[in-house]
Amino acid sequence: MTSRARASRAFLSAIVLLCVCGIATYLSFSYFRASESWVNHSQEVRAAIGEVESSISFAARARMSFLMSGSEAELTAYRNAVSRIPGEMRLLRELTRDNRVQNDNCNQLETVTNARLKDWEAAVETKTQGIDISLPDMLQPSLSLSAQSATIAEAIRAEELRLLLQRTLAAQRHFFVASVAVATSFILAMLLLYAHYRLLTSELHAREEAEKIARSAYEHEVALRHEQERFRLFVGAVQDYAIYVLDVEGHVASWNRGAQRINGYLASEIIGQHFSVFFTEQDRLDEQPLRELQTAEQEGQFQDEGWRVRKDGTQFWASIVLTAIKDHKSKLAGFAMITRDHTVRMQAQEALQRANADLNAEAKERISAQEKLANSEKSLRELSLHLLKTQDEERRRIGRELHDSLGQYLAILKMNLDSLNTDFAGNHGGAGEQVVQCIRLVEDSIKEVRTISYLLYPPMLEEVGLKSAIPWYLEGFSNRSSIKTTFEADSDFGRLGREVELALFRVLQESLTNVHRHSGSTTADIRLSRKDGHVVLEVSDHGKGISPKLLEQSDKDWLGSLGVGLRGMNERIRQLGGRLEISSTETGTVVTAGVPVEETVSPSLNAD
């Protein structure tokens, strides 16, 4: 606070204190006059209670005189006195209406007075009717009520006296306080006037210092303006960013070259307009500009990206930073807006998103195609297994029909030919020769039918199991192909499940067929074993082997290049949870089939 301001305050305070002195003087005289009015009021209350008592006493005497003499004049005097009592009571109530205690006393006095008047009126009425009255009986309750009335009247006088003393003391105290206030305010006013004088003199001495400070402040302000001008020129030269200032309501107050380049408005066209012109129609309907201003004001800054509109109506993707500008008192002075055009980046992001969407769609299509392919492969495998099972059943049926039907027919034919040969013995030399040749042909046919039926479905596989059926099959294979075979099996190898034994037997058949047709080997080794919960059948030869190219192709398309037979065998093993492997070198080929088994069927159980 400056010396001049302090001097002005001291002078104004002195004037105020002098006014207070005058007001206190006025109040002191007011309190003095109030004390006089309170004394007059107390005298009026005492006079009013006296008039009430006087009227009641006069009415009591007139009533008594009437009761004793029966004079009409006394009765009239009594009536007049009684008629004055209500008015006097109202006057007394009006004078004491501001005091609760006096109001209670007046209520009691009125109640007792009404009771006395009622008693008096009953006695007067009785006397008027000519009935004799016993004065002693009548005087006893009248005296009691009279004593109560006197007691209440005395209480009213005592309360009024107490109030008079209290009010007098309060008036004196107020008068004293007002007097003290007058003296104190006068003294303080003099002191403040003296302080005013001192401050004015010190103001003259401080003015030179103030002028020096003003010159320094002016020089600082000039430097600040130069700095602001350089900053304004810098902002105006920026072209990559739209930098402009808004007032507190959102109207554009400044404009730079970057804003002109990005938004398309000249400074003369846009300054004074509301910045909502940069928003799309939908954003304006949604009150987006107002929300941005409110957020920046509450949080200090607002950042966002979205579509904005240029002067020509085209849209661009903008990155904006809206900052609230506040003065040293934290009062909002406006907003600073920085906008950058990110349309190219946005378009690149959208292109990337579309590419990602296309890739995702393509990936989904591929996954769907893979799922369809897997389902198709599953269906084909199920169909293949069904065909294999059907093929086995058909082989069994044809083998039995060949063995049971055609075999019997050939046996009967042979028996008939033997009988015919016996009949032709020694006779018909040419016919006998032909019969003998027919018998040999029939015997060969019987052997071929038996061999074909056993190859289609060997009955020994069901009767004695895989371990015993393999030697029987190897014996016939060696006889037909002139390939020597060896067979090794674990001594404790027992029966397996029907499906497992049939699948391994078919692998053996197909493997030996391939050895006979393609390998050129003269030997074949077969081994049947149980290892780690798996039954393993191994068929190896010492032929020319399979070319690496063909074997590599078979790895890509599982056994597809090695023939339909092995593919069917692989499917059989796979359906049982096993695996069929082929390894080949220049010295031979090994086919290994492994199938998991859970329990072993003992040979004794098989025999049973």
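Is Cys19 buried, partly exposed or exposed? I looked up its relative accessibility, found 45%, and noted Cys19 as partly exposed. I record at the outset that the model is predicted.

**Entry 1: cysteines**

I next turned to Cys106, which has a relative accessible area of 1% and is therefore buried. I then searched for disulfides and found 0 in the structure. For reference, a disulfide is a covalent bond between the sulfur atoms of two cysteines.

**Entry 2: the chain as a whole**

I noted 16 helices and 9 strands in the protein chain. The chain has 608 residues, and buried residues make up 33% of them. Its accessible surface comes to about 37300 Å². Carbon and sulfur atoms account for 56% of that surface. I also looked at contacts between residues at least 6 apart in sequence, and 61% of these join residues at least 24 apart.

**Entry 3: aromatic pairs**

How many aromatic pairs does the structure hold? I found 8 of them. A pair of aromatic rings is described by the distance of the centres and the angle of the planes.

I examined Tyr244 and Trp255, whose ring centres lie 5.1 Å apart. Their planes stand at 40°, so I entered the pair as tilted. This pair links distant parts of the chain, with the two positions 11 residues apart in sequence numbering. Tyr244 belongs to strand 1 (residues 242-246), while Trp255 sits in the loop between strand 1 and helix 5 (257-263). I recorded Tyr244 as buried at a relative accessible area of 3%, and Trp255 as buried at 13%.

I followed Trp255 to a further partner, Phe278, and found the ring centres 5.8 Å apart. The planes of Trp255 and Phe278 are at 25°, so this pair is stacked. Phe278 is in the loop between helix 6 (267-270) and helix 7 (281-285), 23 residues apart from Trp255. Both Trp255 and Phe278 are buried. Ring pairs link Tyr244, Trp255, Tyr265 and Phe278 into a cluster.

I added one case of a charged residue at a ring: Arg530 lies over the face of Phe493, at 5.4 Å from the ring centre.

**Entry 4: nonpolar cores**

In soluble globular proteins, nonpolar side chains tend to be buried together. I therefore looked for the largest nonpolar core, with that tendency in mind. This core has 33 residues. Ile470, Leu504, Val507, Leu508, Leu512, Ile526 and Leu537 touch the most other members.

Which elements each supply at least two residues of this core? I listed helix 12 (466-481), helix 13 (498-519) and helix 15 (564-575). I also listed strand 6 (523-531), strand 7 (534-541), strand 8 (579-585) and strand 9 (588-596). Helix 13 gives the largest share of the core, 9 residues.

I took Leu512 as an example and set aside residues up to four places away in sequence. Leu512 then touches Tyr473, Leu474, Phe477, Ala524, Ile526 and Val539. I also found a second, separate core of 30 residues, which includes Val82, Met89, Leu109 and Ala123.

**Entry 5: two buried helix residues**

I located Ala296 in helix 8 (residues 288-299). Ala296 is buried, with a relative accessible area of 0%. Its C-alpha is 5.6 Å from that of Ala324, although the two residues are 28 apart in sequence. Not counting residues up to four places away in sequence, I found Ala296 touching Gln301, Phe302, Leu322, Ala324 and Phe335.

I then located Glu501 in helix 13. Is Glu501 buried or exposed? At 2% relative accessibility, I entered Glu501 as buried. Leaving aside neighbours within four places in sequence, Glu501 is in contact with Leu461, Gly465, Leu466, Arg495 and Leu496. Glu501 and Val595 are 94 residues apart in sequence, and their C-alpha atoms are 10.0 Å apart.

**Entry 6: positive phi at two serines**

I looked up Ser330 and found a phi near 60°, a positive value in a residue other than glycine. Ser330 is placed in the loop between strand 3 (315-326) and strand 4 (332-341). Its relative accessible area of 57% makes Ser330 exposed.

I also found a positive phi of about 60° at Ser482, which is not a glycine. Ser482 is in the loop between helix 12 and strand 5 (484-489). At 63% relative accessibility, Ser482 is exposed.

Notes:
Residues numbered from 1 in each chain as written. Predicted model: local features only at pLDDT ≥ 70, side-chain atom pairs only at ≥ 80, totals over all residues. Heavy atoms only, no water. Phe/Tyr/Trp six-rings, centres within 6.5 Å; stacked < 30°, edge-to-face > 60°. Helix = DSSP H or I, 4+ residues; strand = E, 2+ residues; numbered from the N terminus. Buried < 20%, exposed > 50% of the residue type's maximum accessible area, 1.4 Å probe, protein only. Lys NZ or Arg CZ within 6 Å of the ring centre and 35° of its normal. Contact = heavy atoms within 4.5 Å. Areas by Shrake-Rupley, 256 points an atom, 1.4 Å probe, with all protein chains shown as cover. Core = buried A, V, L, I, M, F, W, Y, C linked by side-chain atoms within 4.5 Å. Disulfide = S-S within 2.5 Å.
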